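Welcome! Open your viewer, find the selection tool, and get ready to click along.

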Amino acid sequence: MCYCCRVYSIIDYINMNKQNKPLRTNSVRLGQLRSFLYSYETCSFSKAAKLMGVSQSAITKNIKSLEDHFNVKLFHRDTRNFELTKAANKLYPIVHALCFQSDALDECLNVIDCGDYGEVRIGFDRVFAPYGSQLLTNLFSQQFPEMKISIVDDHISFLHQKLLKGKMDFYIYYHGACNYVDEAEHLVVQPLLDLQPLAVVSPEAEFLKNEEALECYKWVCPKVEGYFSDHNFWEKYQEIKDKGNIMYEIDSNHTRIDLAVEGVAATILPSFTVKQQLASGKLIPLPIELDPIRLSVFYLKTNPIEKKYKLILDNFVKRFNDFYT
């Protein structure tokens, strides 16, 4: 829809009196009103033309059309002088208000076109939630200020039930979890991000000095669910667990990082979360090769990703790559 068409509803409204009889504003165009507005405010047709991005002759033509239509003189002008008439002074506040309202209407329609309004309800797994939530909060405040955001972090069974009940628009979780939810046939699972896991330990950890095998190290891990069974970390995790070498199971990345830095235990984290600790030498990588862990977007076939959701996710991935990779 073009700009002028969008403001016709305002012009049409003022075009009719209480008896629905046409007023003299019947054929006035927004461009003519803006020509008057900028000419009045700058006392110059040439300056008004620059503000509107048109030729001076176009401004002159619009002003002449208004004067002929209203049968009034709006400006006294010659080669040296530019004077406002009483009619122009009377007309200015009304035209100013109308142009302001047309801008507000156009902005509102653009918001509606882009879907940048309403509320978006998003779910995360508990491990990635702190990073995803921070990125989304910053993203919404800067790029989607008209939109509200609701973020929930929990186990996939809880998130999935909210999705099925229509209480969530989509959630972001490990890709393999799609095989462990109810009514999976109603789901669409779309890959979003690949996270590279890394095993790390403090160089000061006591168990390093004993030159023990990796599976004999003390470990702090997140609560690993069965949907990791197709990942090469699963077998290593089971070996460590069977030996009783998992000291703590903690989802919080920050807590696991602190315990690893203190030398209490080794841990496995997304590599981007320990960049500073690796650079400073507080942590060192362990020789365990781990495949990337895929995060995907889960949503219902009956509630496909809307235009605004795609825009949010695209910006989310871009920001993640800018900040963390």
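Here is a short tour of some strands, two cysteines and a pair of helices.

Keep in mind as you go that this is a predicted model.

**Stop one: a strand in the middle of things**

Select residues 266-270, which form strand β10. How many of the five residues of β10 are buried? The count is five of the five, so β10 is largely enclosed by the rest of the structure.

Now add residues 197-201, strand β7, to your selection. Strand β7 pairs with β10 in the antiparallel sense, and four bridges link the two. To see a spot where they face each other, click V200 and look across to T267 in β10.

Next, add residues 219-221, which make up strand β8. Does β8 run parallel or antiparallel to β10? The two run parallel, joined by two bridges. Here the residue to click is W219, which has A266 of β10 opposite it.

**Stop two: the other partner of β7**

Go back to β7 and try a surface view. This strand is mostly covered, with four of its five residues buried. Besides its pairing with β10, β7 is joined by two bridges to strand β11, residues 284-285. Strands β7 and β11 run antiparallel. Click V200 once more: its bridge partner in β11 is P285, while T267 stands opposite V200 in β10.

**Stop three: two cysteines**

Select C99 and then C178. C99 has a relative accessibility of 1%, so it counts as buried. C178 comes out at 18%; because the cut-off for buried is under 20%, C178 is buried as well. How many disulfides are there, taking pairs of cysteine sulfur atoms within 2.5 Å? The count comes to zero.

**Stop four: two helices that cross**

Finish with residues 45-52, helix α3, and residues 56-70, helix α4. Two packed helices can be described by the angle between their axes and the distance between those axes. For α3 and α4 the angle is about 105 degrees, and the axes lie 8 Å apart. That angle makes α3 roughly perpendicular to α4.

Which residues meet where these helices pack? Show the side chains of F45, S46, A48, A49 and M52 in α3, then those of Q56, I59, T60 and I63 in α4. Sorted by class, this contact has six nonpolar residues, three polar ones and no charged ones.

Technical notes:
Residues are numbered from 1 along each chain as its sequence is written. This is a predicted model: local features need pLDDT of at least 70, side-chain atom pairs count only at pLDDT 80 or more; totals for chains, interfaces and linings use all residues. Side-chain values use heavy atoms; hydrogens and water are left out. Buried means under 20% relative accessible area, exposed over 50%, partly exposed in between (1.4 Å probe, protein chains only). Two strands pair if DSSP finds at least two bridges between them. A disulfide is a pair of cysteine sulfur atoms within 2.5 Å. Axes are lines fitted to C-alpha atoms, for helices over the stretch in contact, and angles run from 0 to 180 degrees between N-to-C directions. Angles under 35 degrees count as roughly parallel, over 145 as roughly antiparallel, 65 to 115 as roughly perpendicular and the rest as oblique. Contact means heavy atoms within 4.5 Å. Ala, Val, Leu, Ile, Met, Phe, Trp, Tyr, Cys and Pro count as nonpolar, Asp, Glu, Lys and Arg as charged, and the others, Gly among them, as polar.
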